[in-house]
Amino acid sequence: MTNGDTSNVLAARIAPGGGTVQEDNAAELARAPLAVRGLTVSYGEKPAVFSVDATFADKAMTAIVGPNGAGKSTLLKACLGIVPRVAGEVRVFGQPLEAARHRIAYVPQRASVDWDFPTTVLDVVRMGLYREAGLFGRFTGRLDTRARKCLERVGMADFATRQIGQLSGGQQQRVFLARALAQEADLYLLDEPFAGVDAATERAIVDVLKLLKAEGKAVVAVHHDLATVADYFDRVFLINVRRIAEGTVAEAFNAETLAAAYGGRLAATHVDELVLAGPLT
Amino acid sequence: MGADFVQFSLTPILIGVFAAIACALPGNFLILRRQALIGDAISHVVLPGIVVAFLVTGAVSAMPMLLGAAGAAVLAVVLIELVKRIGGVEPGAAMGVVFTTLFAAGVLILEQSDTSSVHLDVEHALMGNLESLIWLRAEGWHSLLDVEALASLPPELPRMALTCLLITALMLVFWRWLKIATFDEGFAASLGIPAAAVGFALVIAAALSAVAAFDAVGSIIVIAMFVCPPAAARLMTQSLERQVIWSVAFATLSAVLGYVLAGYGPLWLGGADAVSAAGMIAVVSGVILGLACLFGPHRARVGAGAA
């Protein structure tokens, strides 16, 4: 695997005057939207994520790819401090997590919440304004306008007063995306944003994400559908508990790295079959 | 509605109402988190704590009993975690095992010890003594302004009112934390909201309500009020804010109607004695839930067909 070298080469180009590997590393940590070093997370005795180094670039969409149980969601959650890390370091725009939380938006898995919860679409989007509104601030004026604009951007403006339980899976996912947009962040972390959504929603979400990228934001998404990785994403991070590969799609998404991530049972020509059969474990 | 009412019915009804509301408020969130059993568990496990506190101090006094109950609640939480981790069983099963065992232990200790001299027995633990919490010194509505008469109010009343007030205040202050963390714990944590601590604090608040209410009204009301008013309220509306308001209304209605029916219902039916107020309050709350199931405007799971 050459990807560690690749990223160091990239960092060396950016680091003033070249410098040693350690200095390059430090420069990378200081500027990347999201960088982790030696990240280890464990549920019980078995590590879910083991000693992972990763650097997620700005102005790019990165797919986190790997088989079921490979620690993809866990990696995101550990970056956000939702699950505790056993070891390792997380840097967001060069800062510790707590200092940079306001620059991150998060879209959890749609299936992780109870959509029968008594609330409306607009109310869910308002949760993304919590940081500005605080415990008691009112959602009027500027904040209200922002919430409604975000619903517009995902094509859900007409559903503002709708009960969330009445939405289709695709509509629920759009609402979650609108909530993340309301956070007006610089780094967007999405956990399987395309899982169980209709084709029109998938298209709409990709369009919104590409627009974010064009605005210079960093987008990182856990992604299951290997067939669309090259269409949607610029960069890829392959993981199976440990880091397998990292880089642009052209560099890091190939038969060799997929075989390493999915257990050596695949050739590149089998990628389509893999997609049809669902990810191997 | 004169002096008799103030003397014999006003304080029990108020205590019942405060107890019902104090339990129904956290119940709303416990139900949405699918943790309704926790309220049940807590109200069971406080029994051994209260009995042990009595055996240690030898008196039925509030503070030691509350401490004993709180100790038992903490012990139960620890035991539930242990059973869950070591036994590898699901949380519901762990709770079921721990709270029935502790409750049974409480009953056994109670039976084996000499509590005949005081008003502490299994019946009291289950049904409380709401009917006996009367205001003897009251001579009518004007007694509400009489400092001397007010001093003889049953201590359960201010204690329950204060608990109810505290729970309400906490819920209002941390409303957004509770709402976001209950709907989407992961997202809440990503915002920096201490979601796990919010969940823990909710259980503590429920325990506080249960312990305070237990002493006055017994565990039957506590169990019923954690579940019935919030569950019925959920069927009335699709907004969390309105659900909580409905639950307070249902809790109040259950307490008032239950108390009146227990006192006068049997007489109206030609019977001689009143029935247990706690039992009747719980029954009324159950009937309200039943009616909400049959006629509530939002009784169908709205998302059932759409997803």
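1. Two residues are taken to be in contact when heavy atoms lie within 4.5 Å, and on that basis the contact between the two chains of this predicted model takes 32 residues from chain A and 30 residues from chain B. The area buried between chain A and chain B comes to about 2700 Å², and carbon and sulfur atoms give 61% of that area.

2. The polar side of the same interface can be described by two counts. Between chain A and chain B there are twelve residue pairs in polar contact, with both residues at pLDDT 80 or more, and the rule for salt bridges finds four of them across the interface. One salt bridge joins the side chains of Arg34(B) and Asp114(A), with a distance of 2.8 Å from N to O. On the side of chain A that touches chain B, helix H5 (121-127), helix H6 (130-133) and helix H8 (169-182) each supply at least two residues. Sorted by class, that side of chain A has 17 nonpolar, nine polar and six charged residues.

3. Over all chains, the count of salt bridges comes to 21 by this rule. A network of salt bridges links Asp123(A), Arg126(A), Asp144(A) and Arg148(A) with Lys179(B) and Glu241(B), so that residues of chain A and of chain B both appear in the network.

4. Within that network, Arg126(A) forms a salt bridge with Asp123(A), and the closest N and O atoms of the pair are 3.7 Å apart. Because the cut-off for a salt bridge is 4 Å, the pair is counted at this distance. Arg126(A) and Asp123(A) are three residues apart in helix H5 of chain A, which means that about one helical turn separates them. As for accessibility, Arg126(A) is partly exposed, with a relative accessible area of 21%, whereas Asp123(A) counts as buried at 14% relative accessibility. The boundary between buried and partly exposed is set at 20% relative accessible area, and the assignment of Arg126(A) at 21% should be read with that boundary in mind.

5. Which parts of chain A does the salt bridge of Arg146(A) and Glu132(A) tie together? The closest N and O atoms of Arg146(A) and Glu132(A) are 2.5 Å apart. Arg146(A) lies in helix H7 (residues 142-153) of chain A and Glu132(A) lies in helix H6 of chain A, so the pair ties together parts that are 14 residues apart in sequence. Arg146(A) is buried, with a relative accessible area of 10%, while Glu132(A) is partly exposed, with a relative accessible area of 39%.

6. A further salt bridge in chain A is formed where the side chains of Arg243(A) and Glu246(A) meet, at 2.6 Å from N to O. Here Arg243(A) is partly exposed, with a relative accessible area of 29%, and Glu246(A) counts as buried at 5% relative accessibility.

7. Chain B has twelve helices and zero strands, and from the N terminus on its elements run α-α-α-α-α-α-α-α-α-α-α-α. For 307 residues, a compact globule would have a radius of gyration near 19 Å, and the 20 Å of chain B agrees with that expectation. Taken along the principal axes, the C-alpha atoms of chain B fill a box of roughly 60 × 45 × 40 Å. Buried residues make up 51% of the 307 residues in chain B, and, among contacts in chain B between residues at least 6 apart in sequence, 71% join residues at least 24 apart.

8. Two residues of chain B give local views of the model. Ala72(B) lies in helix H3 (residues 62-87) of chain B and is buried, with a relative accessible area of 8%. Leaving aside neighbours within four places in sequence, Ala72(B) is in contact with Val45(B), Val46(B) and Gly49(B). Phe226(B) is 154 residues from Ala72(B) along the chain, and the C-alpha atoms of the two are separated by 19 Å.

9. Thr182(B) has its place in helix H8 (residues 175-183) of chain B, and at 11% relative accessibility Thr182(B) counts as buried. Residues up to four places away in sequence not being counted, Thr182(B) touches Phe29(B), Leu32(B) and Arg33(B) as well as Phe117(A), so its contacts include a residue of chain A.

Definitions and conventions. Residues are numbered from 1 along each chain as its sequence is written. Chains are lettered from A and ligands numbered from 1 in the order in which they are written. This is a predicted model: local features need pLDDT of at least 70, side-chain atom pairs count only at pLDDT 80 or more; totals for chains, interfaces and linings use all residues. Side-chain values use heavy atoms; hydrogens and water are left out. Buried area is the accessible area (1.4 Å probe) that two parts lose on being put together, summed over both. A polar contact is a pair of N or O atoms within 3.5 Å; within protein, one must be able to donate a hydrogen and the other to accept it, and residues adjacent in sequence count only if both atoms are side-chain atoms. Helices (H or I, at least four residues) and strands (E, at least two) are DSSP runs, numbered from the N terminus. Ala, Val, Leu, Ile, Met, Phe, Trp, Tyr, Cys and Pro count as nonpolar, Asp, Glu, Lys and Arg as charged, and the others, Gly among them, as polar. Buried means under 20% relative accessible area, exposed over 50%, partly exposed in between (1.4 Å probe, protein chains only). The radius of gyration is taken over C-alpha atoms; the globule rule is 2.2 Å times the number of residues to the power 0.38.
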